[in-house]
Amino acid sequence: MKCKFCGDKMSFSDNLCTGCGRPKSRPLEPKPDYSDRQKGKQQDFFTMGKNLFYRIIFVPLSLAAAITAALIILPIHGKTQTALICADIILALLTILGFVCASKCYITVYKNCIEGRIPAKIPYFTKHFTVYYDDIIKIRMHGVGISSGTTRHSSDSHPAFVIITDFGAINIKGLNDSQAATIFAHYRANREK
């Protein structure tokens, strides 16, 4: 079971989350309406296409190339050939969808908020978010080795930058170490003003 606020693992017998301290029975608060808020001056813009290439595109592209090579080199006929051609087409489509998804992802840091488009939980889809510094409870970095204040676990194969707010956690996967450090530095500098 995961905490619906910060995303930490918790057992079914726990009443309080060890990560954020909220009771598990507390209902989710509605997402705030940001229509009346104005974004401050833009400070940084990060595209995430290069970072997401290996995560989203590399595997289907490699498999499609291997199947294509097998079809050209090996004498395969009949149903096996048809199945491999279908698999090759599907993998090529996944590669194209992955490329489109990765090219849309970005993070923009403003003076009073962080905005971006990140990969959704459903593969090859993206979601947009805007979170203002006033609504951030804390920022966690898993598997990002940038300072002594962060933890690096050997089991983390995909570093994550998690923004915990009252209305849930925003899990940003696909940032590299320097981008995560820069976003965190902007957040601390602007939050302390």
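## How long should a helix be?

The expected span of a helix is 1.5 Å times one less than its number of residues. Keep that rule handy as you look at this predicted model. Helix H2 has 26 residues, so at 1.5 Å a residue it should span 38 Å. Its end C-alpha atoms are 38 Å apart, which agrees.

Now try helix H3, residues 177–191. With 15 residues it should span 21 Å, and its end C-alpha atoms are indeed 21 Å apart.

## The whole chain

Let's step back for a moment. The chain holds three helices and seven strands. Walking from the N terminus, you meet its elements in the order β-α-α-β-β-β-β-β-β-α.

How much of the chain is buried? Of its 193 residues, 34% count as buried. The chain exposes about 11600 Å², and carbon and sulfur atoms supply 60% of that area. As for contacts with a separation of 6 or more, residues 24 or more positions apart account for 55% of them.

## Helix H2: what is covered and what is not

Helix H2 covers residues 79–104, and Ile 85 lies in it. Which residues of H2 are buried? They are Asp 88, Leu 91, Thr 95, Gly 98, Cys 101 and Ala 102. Their cover includes helix H1 (49–73) and strand S4 (126–132).

Ile 85 is another story: its relative accessible area is 37%, so it counts as partly exposed, since buried means under 20% and exposed means over 50%. Ile 85 also belongs to a nonpolar patch on the surface, together with Ile 89, Leu 93, Ile 96, Phe 99 and Val 100. Between them, these six residues have about 570 Å² of accessible area.

## Helix H3: one buried face

In H3, the buried residues are Gln 179, Ala 180, Ile 183, His 186, Tyr 187 and Asn 190. Look down the axis of H3 and you will find them within an arc of 130 degrees, so they line one face of the helix.

What covers these buried residues? The list includes H1 as well as strands S1 (42–47), S2 (106–110), S3 (113–119), S5 (136–142) and S6 (160–165).

Asp 177 is also in H3. With a relative accessible area of 27%, Asp 177 is partly exposed. Asp 177 and Met 141 sit 36 residues apart in sequence, and their C-alpha atoms are 9.6 Å apart in space.

## Thr 47 and its contacts

Thr 47 is in strand S1. Is Thr 47 buried or exposed? Its relative accessible area is 52%, so Thr 47 is exposed; the cut-off for that is over 50%.

Being exposed doesn't leave Thr 47 without contacts: leaving aside residues up to four places away in sequence, Thr 47 touches Cys 105, Tyr 106 and Gln 179. You can also compare sequence with space here. Thr 47 and Gly 116 are 69 residues apart in sequence, yet 9.5 Å apart from C-alpha to C-alpha.

## A backbone angle to check

Most residues other than glycine have a negative phi. Tyr 124 has a phi near 70 degrees, a positive value in a residue other than glycine. Where does Tyr 124 sit? You'll find Tyr 124 in the loop between S3 and S4. At 26% relative accessibility, Tyr 124 counts as partly exposed.

Note on methods: Residues are numbered from 1 along each chain as its sequence is written. This is a predicted model: local features need pLDDT of at least 70, side-chain atom pairs count only at pLDDT 80 or more; totals for chains, interfaces and linings use all residues. Side-chain values use heavy atoms; hydrogens and water are left out. Patches are made of residues with over 30% relative accessible area and no salt bridge: like charges are joined within 9 Å, nonpolar side chains (Val, Leu, Ile, Met, Phe, Trp, Tyr) within 5 Å. Accessible areas come from the Shrake-Rupley method with a 1.4 Å probe; for residues, only the protein chains shown count as cover. A salt bridge is a side-chain nitrogen of Lys or Arg within 4 Å of a carboxyl oxygen of Asp or Glu. Helices (H or I, at least four residues) and strands (E, at least two) are DSSP runs, numbered from the N terminus. Buried means under 20% relative accessible area, exposed over 50%, partly exposed in between (1.4 Å probe, protein chains only). Contact means heavy atoms within 4.5 Å. The arc is that of the directions from the helix axis to the C-beta atoms.
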